[in-house]
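Biologist: Could you walk me through the labels you put on this one? I'd like to hear the reasoning behind each.

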Amino acid sequence: MTRKTADCRKYPSESNCSLTISGEEDEVVRAATEHAVSVHEHADGPELREQVRAMLEDERATV
């Protein structure tokens, strides 16, 4: 399974957040949603989770 990443640096915010989350898709969606709610004050719900899932990228392999 390909690991996914969510990178706050790609989305402007007032806090200039630098968090990057990586892991299996469902883990990243869960963690990134919790982060968006607790840090960026988004409202949790299916729409937010869909937005988070849509922004995920494949993790680049490290050597």
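Modeller: Let's take the sheet and then the helices, bearing in mind that this is a predicted model.

Biologist: Fine. What makes E1 and E3 a pair of strands?

Modeller: The cut-off is at least two bridges between the strands. Strand E1 (residues 4-7) and E3 are joined by two bridges, and they run antiparallel. Lys 4, for instance, stands opposite Asp 58 in E3.

Biologist: And what is the strand order in the open sheet?

Modeller: The order is E2-E1-E3, three strands with antiparallel pairing. Strand E2 (20-23) and strand E3 (57-58) each have a single partner strand, so they stand at the edges with one side left without a neighbour in the sheet.

Biologist: Which strands does helix H1 touch?

Modeller: H1 (residues 25-38) packs on the sheet and touches E1 and E2. Its direction makes about 150° with that of E2. Roughly antiparallel starts over 145 degrees, so H1 and E2 get that label.

Biologist: Why is H1 called oblique to H2?

Modeller: The axes of H1 and helix H2 (residues 46-55) cross at roughly 120°, coming within 9 Å. That angle lies outside 65 to 115 and isn't over 145, so H1 is oblique to H2. The crossing is right-handed.

Biologist: What meets what between H1 and H2?

Modeller: From H1, the list includes Val 29, Ala 32 and Ala 36; Leu 48 and Val 52 are among those in H2. The contact residues divide into six nonpolar, one polar and five charged.

How values were computed:
Residues numbered from 1 in each chain as written. Predicted model: local features only at pLDDT ≥ 70, side-chain atom pairs only at ≥ 80, totals over all residues. Heavy atoms only, no water. Helix = DSSP H or I, 4+ residues; strand = E, 2+ residues; numbered from the N terminus. Contact = heavy atoms within 4.5 Å. Axes fitted to C-alpha atoms, helices over the stretch in contact; angles between N-to-C directions. Parallel < 35°, antiparallel > 145°, perpendicular 65-115°, else oblique. Left-handed = near helix turned anticlockwise from the far one by under 90°. Nonpolar A, V, L, I, M, F, W, Y, C, P; charged D, E, K, R; others polar.
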